[in-house]
Amino acid sequence: MLNKQLLPLLLVCIAVAAAAITVMATTTTASSADGDATVTCSTVYSNLEPCLSYVLGGGLNVPSECCSGLKSLLSTARTKSDLQSACNCVKSVASRATGVQINRAAKIPGICEANIPFKISPNVDCSKIK
């Protein structure tokens, strides 16, 4: 079971993933119509759990499993609904994370070579994701 003290950090990781997903969606053309979201908060959490140690403790290296999980999540989210769902997961948890945690999480996309188009923040406007 996940320690309640670790939840805010995991949420920051989710914010990173949602931002990276947004970048991927804007750089690829979707051929399918938007439907119900298939990306859930549970999906985001499970893919980004390997990032938790870096977000909590920092260090020089992001685990390779963290980058793999982030890339897996990026390949899963294909529709506007998926992206907005992931964004809303991030927004709800980022509001409980500390500034240090958010800063560490914000470094992960760069380290994993995934650009994000907005600042990781609890103030993300998920409705603007296209």
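**Exercise 1. Ala37**

Task: Decide whether Ala37 is buried, partly exposed or exposed in this predicted model, and place the residue in the chain.

Solution.
- Start with accessibility. The relative accessibility of Ala37 is 37%.
- Apply the cut-offs. Buried means under 20% and exposed means over 50%.
- Ala37 therefore counts as partly exposed.
- Now the location. Ala37 sits in the loop that joins helix H1 (7–27) to H2.
- Then the partners. Setting aside neighbours within four places in sequence, Ala37 contacts Ser81, Asp82 and Ser85.
- Add a backbone distance. The C-alpha atoms of Ala37 and Arg78 are 9.3 Å apart, with their positions 41 residues apart along the chain.

**Exercise 2. Asp82 and Thr79**

Task: Find which residues Asp82 touches, and what lies 3.0 Å from its backbone nitrogen.

Solution.
- Place Asp82 first. This residue belongs to helix H5.
- Check burial. Asp82 has a relative accessible area of 3%, so it is buried.
- List the contacts beyond four places in sequence. They are Asp36, Ala37, Thr38, Val39, Thr76 and Ala77.
- Turn to the backbone nitrogen of Asp82. A polar atom of the Thr79 side chain lies 3.0 Å from that nitrogen.
- Place Thr79. This residue is in the loop between H4 and helix H5 (80–94).
- Check its burial. Thr79 has 11% relative accessibility and therefore counts as buried.

**Exercise 3. Ser85 and Ala86**

Task: Ser85 and Ala86 both need a burial class and a C-alpha distance to another residue; work them out.

Solution.
- Ser85 lies in helix H5. Ala86 is found in helix H5.
- Ser85 has 19% relative accessibility. With the cut-off for buried at under 20%, Ser85 counts as buried.
- Ala86 has 1% relative accessibility, so Ala86 counts as buried.
- From Ser85, go to Val44. Their C-alpha atoms are separated by 9.8 Å, across 41 residues of chain.
- From Ala86, go to Ser42. Their C-alpha atoms are separated by 9.8 Å, across 44 residues of chain.
- Finish with the contacts of Ser85. Outside four places in sequence, they are Ala37, Val39 and Thr40.

**Exercise 4. Helix H2 and its partner**

Task: Describe how the buried residues of H2 are arranged, then how H2 packs with H4.

Solution.
- Name the buried residues. In H2 (residues 41–48) they are Val44, Asn47 and Leu48.
- Look down the axis. The buried residues of H2 fall within an arc of 85°, so they line one face of the helix.
- Recall the geometry behind such a face. An α-helix has 3.6 residues a turn, so residues three or four places apart point the same way.
- Next, the packing. H2 and helix H4 (residues 64–76) meet at an angle of about 150°, and their axes are 7 Å apart.
- Classify the angle. Over 145 degrees counts as roughly antiparallel, so H2 is roughly antiparallel to H4.
- Identify the contact residues. H2 supplies Thr43, Val44, Asn47 and Leu48; H4 supplies Gly69, Leu70, Ser72 and Leu73.
- Sort them by chemistry. The contact has four nonpolar residues, four polar and no charged.

**Exercise 5. Cys66**

Task: State where Cys66 lies, whether Cys66 is buried or exposed, and what it touches.

Solution.
- Cys66 is in helix H4.
- Relative accessibility is 0%, so Cys66 counts as buried.
- Not counting residues up to four places away in sequence, Cys66 touches Pro50, Cys51 and Ile108.
- A C-alpha distance adds to this. Cys66 and Glu49 are 17 residues apart along the chain, and their C-alpha atoms are separated by 7.3 Å.

**Exercise 6. Glu113**

Task: Locate Glu113, and give its phi and its burial class.

Solution.
- Glu113 falls in the segment after helix H6 (99–111).
- Its phi is near 60°, a positive value in a residue other than glycine.
- Relative accessibility is 73%. Exposed means over 50%, so Glu113 counts as exposed.

**Exercise 7. The whole chain**

Task: Summarise the secondary structure, burial and contacts of the protein chain.

Solution.
- Count the elements. There are six helices and zero strands.
- Read their order from the N terminus: α-α-α-α-α-α.
- Take burial next. Of the 130 residues, 44% are buried.
- Close with contacts at a separation of 6 or more. Residues 24 or more positions apart account for 87% of them.

How values were computed. Residues are numbered from 1 along each chain as its sequence is written. This is a predicted model: local features need pLDDT of at least 70, side-chain atom pairs count only at pLDDT 80 or more; totals for chains, interfaces and linings use all residues. Side-chain values use heavy atoms; hydrogens and water are left out. Buried means under 20% relative accessible area, exposed over 50%, partly exposed in between (1.4 Å probe, protein chains only). Helices (H or I, at least four residues) and strands (E, at least two) are DSSP runs, numbered from the N terminus. The arc is that of the directions from the helix axis to the C-beta atoms. Axes are lines fitted to C-alpha atoms, for helices over the stretch in contact, and angles run from 0 to 180 degrees between N-to-C directions. Angles under 35 degrees count as roughly parallel, over 145 as roughly antiparallel, 65 to 115 as roughly perpendicular and the rest as oblique. Contact means heavy atoms within 4.5 Å. Ala, Val, Leu, Ile, Met, Phe, Trp, Tyr, Cys and Pro count as nonpolar, Asp, Glu, Lys and Arg as charged, and the others, Gly among them, as polar. A polar contact is a pair of N or O atoms within 3.5 Å; within protein, one must be able to donate a hydrogen and the other to accept it, and residues adjacent in sequence count only if both atoms are side-chain atoms.
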